[in-house]
Amino acid sequence: MDSDRRGQWLRGVLDICVLALLSDRESYGYQLAQALDAAGVGPIQGGTLYPVLLRLQKTGLVTAQWREGSAGPARKYYRLTDDGYAALRAGGSAWLTFVQPVNDIVTKGVTR
């Protein structure tokens with residue numbers, strides 16, 4: 001898949017993916033990037049992920065707290081707020097409603 005197309009798709013869903021990962025537990029940026037890659041989304045650069053985290057924080061969907069690390073520098077941990085959980089439920093539901101017909105159309109096209 002070409003990187004331009006992947007980037008366009010990612011911009012549309014990265015917020016929801018980050019919110020979903022944070023619904024399980026609080027996390028810091030590098031850990032989130034690793035989880036996204038492990039889930040199959042692919043490698044996410046800090047220049048892509050950290051602006052998303054900052055936007056989510058500014059809009060009140062996540063809170064952030066710096067913590068000293070036992071080995072290495074301090075890390076900024078992110079946690080969902082109540083508004084973040086609500087945004088995940090609404091946005092996740094909207095995404096699933098959108099993606100199902102797209103999957104149906106594409107599946108028919110590629111199986112011909």
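## Exercises on a predicted fold

In strand β3, L80 is the bridge partner of V62. Keep this pair in view as you work through the predicted model.

**Exercise 1.** Work out which strands pair with β3, and in what order the sheet is built.

*Solution.* Start from the pair above: β2 and β3 (residues 75–80) run antiparallel to each other and share 6 bridges. Next, place the remaining strand: the open sheet of 3 strands has the order β1-β3-β2, with antiparallel pairing. Finally, look at the edges: β1 (27–28) and β2 (62–67) each pair on one side only.

**Exercise 2.** Describe how helix α1 packs against helix α4, starting from their axes.

*Solution.* Two packed helices are described by the angle between their axes and the distance between the axes. Here, the axes of α1 (residues 3–24) and α4 (residues 82–110) come within 9 Å and cross at roughly 130°. α1 is therefore oblique to α4. As for handedness, the crossing of α1 and α4 is left-handed.

Now list the residues that meet. From α1 come V13, I16, L19, A20, L22 and S23, and from α4 come G84, Y85, A87, L88, G91, G92 and W95. Sorted by type, the residues of this contact give 9 nonpolar, 4 polar and no charged.

**Exercise 3.** Place these elements in the whole chain: in what order do they run from the N terminus?

*Solution.* Count first: there are 4 helices and 3 strands. Then read along the chain, which gives α-β-α-α-β-β-α. For overall dimensions, the C-alpha trace spans about 55 × 30 × 20 Å along its principal axes. To finish, check burial: 28% of the 112 residues count as buried.

Note on methods
Residues numbered from 1 in each chain as written. Predicted model: local features only at pLDDT ≥ 70, side-chain atom pairs only at ≥ 80, totals over all residues. Heavy atoms only, no water. Pairing = 2+ DSSP bridges. Helix = DSSP H or I, 4+ residues; strand = E, 2+ residues; numbered from the N terminus. Axes fitted to C-alpha atoms, helices over the stretch in contact; angles between N-to-C directions. Parallel < 35°, antiparallel > 145°, perpendicular 65-115°, else oblique. Left-handed = near helix turned anticlockwise from the far one by under 90°. Contact = heavy atoms within 4.5 Å. Nonpolar A, V, L, I, M, F, W, Y, C, P; charged D, E, K, R; others polar. Buried < 20%, exposed > 50% of the residue type's maximum accessible area, 1.4 Å probe, protein only.
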